[in-house]
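Work through the following exercises with the sequence and the model side by side. Each task is followed by a solution that goes step by step.

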Amino acid sequence: MIPRADNPACVANIDNVSHYYGKTVALDGVDLNIPAGCMAGLIGPDGVGKSSLLALISGVRKIQQGRISVLGGDMGDRHHRARVCPSIAYMPQGLGRNLYMTLSVIENLVFFGRLFGRNRAERKKRTDELLAATGLQPFRDRPAGKLSGGMKQKLGLCCALIHDPDLLILDEPTTGVDPLSRRQFWQLIDTIRSRRRGMGVIVSTAYMEEAEGFDWLAAMDAGRIFATGSPGQLMEQTGTRDLDAAFIRLLPEEKRRGHKQLVVPPRISLDGGPPAIKAEGLTRVFGDFTAVDHVNFEIAQGEIFGFLGSNGCGKTTTMKMLTGLLPASEGRAMLFNSTVDANDLSIRKRVGFMSQGFSLYTELTVYQNLELHARLFHLPAERIPGRIQEVIQRFHLVDYENALSSSLPLGIRQRLSLAVAVIHGPEMLILDEPTSGVDPVARDQFWELLIELSRRDKVTIFVSTHFMNEAERCDRISLMHAGKVLASDTPAALIRARGKDTLQDAFIDYLETADKKISTLEPPTEESVLFDSRPRPGSGFSPLRLFGYAHRETLEIRRDPIRLTFALMGTVILMFIMGYGITMDVENISFAVLDYDQTPESFDYIQNISGSRYFVERPSIAGQAELEQRMRSSELSLAMEIPAGFGKDLKRGRVPEVGAWIDGAMPFRAETIAGYLQGMHYAYLSELAIRSIGRVPRTTMADIEIRYRYNQDFKSIYAMVPAVIPLLLIFIPAILMALGVVREKELGSITNLYATPVTRLEFLIGKQLPYIGVSMISFFGLVLLAIFVFGVPLKGSFMALTLGAVFYVTATTGLGLLMSAFTNTQIAALAVTAIVTLLAAVNFSGMTHPVSSMEGVGAVMGKFFPTTYFLIISRGVFTKALGFSELSRYFIALAAFIPVLTTLSLIFLKKQEK
């Protein structure tokens with residue numbers, strides 16, 4: 001690291017700050033002054049409050065209690081946050097968490113450049129400079145999701161540094177990153193600091209060896225600061241030679257009680273036995289990419305074998321092939337002298353696996369997790385209780401036996417995960433970076449268990465790690481890069497072979513020798529330094545930032561085939577289904593007759609009905625029991641009963657009665673059938689009167705002649721298709737819009753809203769514009785379907801319909817934005833938006849019943865829902881030949897929804913996390 005002179009000024013002052021997540025205390029009355037112009041570090045394991053404190057300092061998270069001053073102002077004041085935001089760069093915890101995985105390296109950088117107000121020339125110069133400094137230039141067009149972990153972190157740093165900040169805040173930027181990438185990362189930080197002498201850097205880390213290069217440190221535990229000073233001061237204060245030991249010595253007594261110096265006893269070789277693992281020419285190819293290239297090594301039984309390598313070098317792929325989870329393209333993998341077969345469960349029972357993420361069931365207790373895995377590995381039922389108690393005692397889990405695994409401290413959860421991995425007594429244990437984020441005391445306790453398993457139980461340990469002090473505890477280690485094993489030997493032998501002082505230096509030397517493109521970054525020349533003399537972007541509205549979000553969202557939609565297909569084809573598919581499926585036409589009514597008369601008059605009456613296009617006659621009914629049975633089975637919608645003497649009564653001028661039984665399960669259909677039947681009955685009587693007396697008797701003083709002004713054929717498809725278009729244009733656009741925002745919350749990229757100068761309005765409109773465009777494409781497709789597939793003529797102004805659609809989809813996507821403010825998961829957003837849009841659109845917008853006929857809450861909802869107005873526009877244009885002048889007031893009503901929904905979204909969308 002570049003040495004810094006002491007600076008009495010502080011870049012951040014923390015005064016009695018506390019922070020809570022529900023009942024969990026994240027920060028407990030923290031008081032801290034972080035010096036300016038230096039590399040300041042927060043050290044400690046996961047879960048002690050480092051991330052929460054950095055988020056509060058950066059302004060990303062809202063201050064609950066206390067006061068934080070950064071760059072000379074109160075971070076609780078939103079005006080000060082807006083002023084200093086362009087001067088702060090914040091890189092959240094997690095590999096590439098501030099990145100967009102479908103965007104390429106250069107597209108991510110351009111996006112962040114726009115957010116910080118950089119014009120095209122500035123963006124190009126700055127991105128070229130950063131890509132060259134980080135070695136990412138050859139990968140500028142590669143999607144971020146296809147970068148290794150180290151590359152993602154370097155790209156994340158480039159995005160954070162795109163605007164030359166005064167304060168750089170890095171939350172565990174190198175967690176899970178290999179030593180070479182870590183060294184290059186800190187070289188890049190030194191390069192930036194050499195250009196910006198006054199820039200402050202605040203970093204949180206769990207790697208003590210890299211913290212030794214910082215200028216100033218604050219050690220944290222349980223939400224409190226328990227030590228501050230330079231690394232040298234802390235080591236001098238504790239009388240230790242490294243920061244790991246100093247941190248342990250500074251911990252409260254109850255936290256370090258029982259800790260002792262870890263000693264690894266020599267391994268006793270098991271002569272004569274076959275190797276536990278053997279790889280012969282092991283190769284794995286994905287398309288034209290070779291992930292593992294003819295790997296050869298052996299691991300003896302009972303050996304602790306470390307697996308080190310650069311990110312993306314093929315370690316995980318090799319582990320999967322060795323355990324049968326992934327077939328090899330070439331070569332052979334052997335476990336215990338047997339070729340690996342994915343279908344051979346007997347081999348798998350001899351192996352235990354512990355992933356980095358601790359594969360535990362959080363809703364189960366410690367005992368229940370152990371019992372579940374014991375059953376999964378088919379331990380005999382009578383052995384399970386005893387084996388669980390044995391493991392609980394051995395791994396010091398007695399005090400946590402009935403505690404939920406989700407409530408355990410990180411170190412205890414780590415021990416439980418190891419206990420789960422060995423519950424079935426495996427002969428080999430595979431561990432994938434098992435100690436990431438764990439404090440030094442818990443890490444030593446964990447390794448004490450591993451050493452005991454190896455030396456006492458002769459369990460073969462195959463472990464991957466990025467901690468060099470852990471690698472030194474292994475019997476042998478293998479160094480891997482670019483799919484090839486570079487060397488396999490004892491740590492001491494590898495150090496001697498390279499003539500280095502430390503394993504980390506030897507490891508990096510091996511990598512640099514294997515790949516000549518890897519090199520130490522050269523100090524920047526004065527000409528290459530980009531000085532920013534322009535005023536920094538303010539908090540006012542910026543079309544450039546808005547366009548940045550709109551362009552980025554457009555790229556993401558185009559590159560997500562599922563989302564794009566759903567956006568464009570979802571409405572078309574639903575239009576087919578709903579256009580044909582939702583109909584108010586009542587036709588092809590099946591009926592049958594129970595004819596007790598059997599005369600020409602009764603046959604003539606039946607023929608009068610069956611000749612209609614509305615009715616379809618079925619075989620006659622033989623009796624009352626059959627009538628009941630056929631009506632119950634829904635075979636018949638109408639059953640008629642003609643009494644005996646029907647024809648005779650007609651001839652004598654009497655009034656015979658005819659019974660009609662209608663299936664009333666669907667009231668609207670039953671009512672329509674009754675109307676059809678009455679009409680057919682009166683038509684028969686009129687025809688009978690003409691045949692008998694030559695005219696139809698007048699029964700009233702005046703006749704009413706009914707004509708349909710619109711939809712003269714009285715076909716429901718002419719009403720339903722124009723109504724389905726508004727329904728689909730609220731359902732799918734609103735869902736897509738809500739998911740587009742909530743997806744950022746789930747992935748963590750919403751941090752870019754909190755940590756950059758972009759305003760809420762720019763974010764909302766920028767996210768909304770691409771979905772408005774996609775929705776309008778869907779609208780044109782729906783109109784074409786209505787005209788050319790369903791045969792519904794467009795009688796009015798197409799331009800008027802299009803203008804209404806623009807207002808409408810802007811309102812419906814705005815509704816999706818509003819829904820996203822209340823949900824934090826995509827499932828919740830999908831469910832809430834679908835329910836709200838469908839219920840209101842179908843029931844209260846006039847689709848089946850006019851809004852004017854509604855009362856109470858239904859009438860209010862109808863008047864204050866956009867579908868109501870676009871439904872009138874759609875039906876008016878399609879069936880009534882209406883244009884701009886007749887529909888102007890409905891355009892005004894739709895347009896009014898846009899500012900209202902946008903304002904509500906602004907109110908509920910916060911610029912800080914809670």
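A charge is said to sit over a ring if NZ of Lys or CZ of Arg is within 6 Å of the ring centre and within 35 degrees of the ring normal. This is a predicted model, in which local features need pLDDT of at least 70 and side-chain atom pairs count only at pLDDT 80 or more, whereas totals for chains, interfaces and linings use all residues. Residues are numbered from 1 along each chain as its sequence is written, and side-chain values use heavy atoms, with hydrogens and water left out.

**Exercise 1. Charge and rings**

Task: Find the rings over which the charged end of R552 sits, and state the distance from each ring centre.

Solution: Begin with Y100, since the charged end of R552 sits over its ring at 4.0 Å from the centre. Then turn to F111, where the charged end of R552 sits over the ring at 5.5 Å from the centre. Finally, place both rings in their setting: ring pairs link Y100 and F111 with F112, Y549 and F763 into a cluster. Rings of Phe, Tyr and Trp (its six-membered ring) pair if their centres lie within 6.5 Å, and planes under 30 degrees apart count as stacked, over 60 as edge-to-face and the rest as tilted.

**Exercise 2. Two aromatic pairs**

Task: Classify the pairs F297 with F307 and Y549 with F763, and locate each ring in the secondary structure.

Solution: A pair of aromatic rings is described by the distance of the centres and the angle of the planes. The structure holds 22 aromatic pairs. In the pair of F297 and F307, the ring centres are 5.9 Å apart and the planes stand at 55°, so the pair is tilted. F297 belongs to strand β12 (residues 289-299) and F307 to strand β13 (residues 304-309), so this pair ties together parts that are ten residues apart in sequence. Helices (H or I, at least four residues) and strands (E, at least two) are DSSP runs, numbered from the N terminus. F297 is buried at a relative accessible area of 6%, and F307 is buried at 0%, where buried means under 20% relative accessible area, exposed over 50% and partly exposed in between (1.4 Å probe, protein chains only).

For Y549 and F763, the ring centres are 5.1 Å apart and the planes stand at 85°, so the pair is edge-to-face. Y549 lies in helix α20 (residues 543-559) and F763 in helix α28 (residues 760-788), so the pair ties together parts that are 214 residues apart in sequence. Both Y549 and F763 are buried.

**Exercise 3. The two sides of a helix**

Task: Determine which residues of helix α23 (residues 624-632) are buried, which are exposed on the other side, and what the buried ones pack against.

Solution: The buried residues of α23 include L627, R630 and M631. They cover an arc of only 100° around the axis, which puts them on the same side of α23; the arc is that of the directions from the helix axis to the C-beta atoms. On the other side of α23, A625 and R632 are exposed. The buried residues of α23 pack against β21 (589-595), β23 (638-642) and β24 (659-662), contact meaning heavy atoms within 4.5 Å. Just after α23 comes S634, with a positive phi of about 65°.

**Exercise 4. Positive phi**

Task: Compare the settings of N16 and D164, and decide whether each is buried or partly exposed.

Solution: N16 has a phi near 50°, a positive value in a residue other than glycine. N16 is found in strand β1 (residues 10-21) and, at 39% relative accessibility, counts as partly exposed. D164 is likewise not a glycine and has a positive phi of about 55°. D164 is placed in the loop between α5 (149-160) and β7 (167-171) and, at 6% relative accessibility, counts as buried.

**Exercise 5. A serine in a helix**

Task: Describe the surroundings of S775.

Solution: S775 lies in helix α28 and is buried, with a relative accessible area of 4%. Leaving aside residues up to four places away in sequence, S775 touches L729, P733, V809 and T813.
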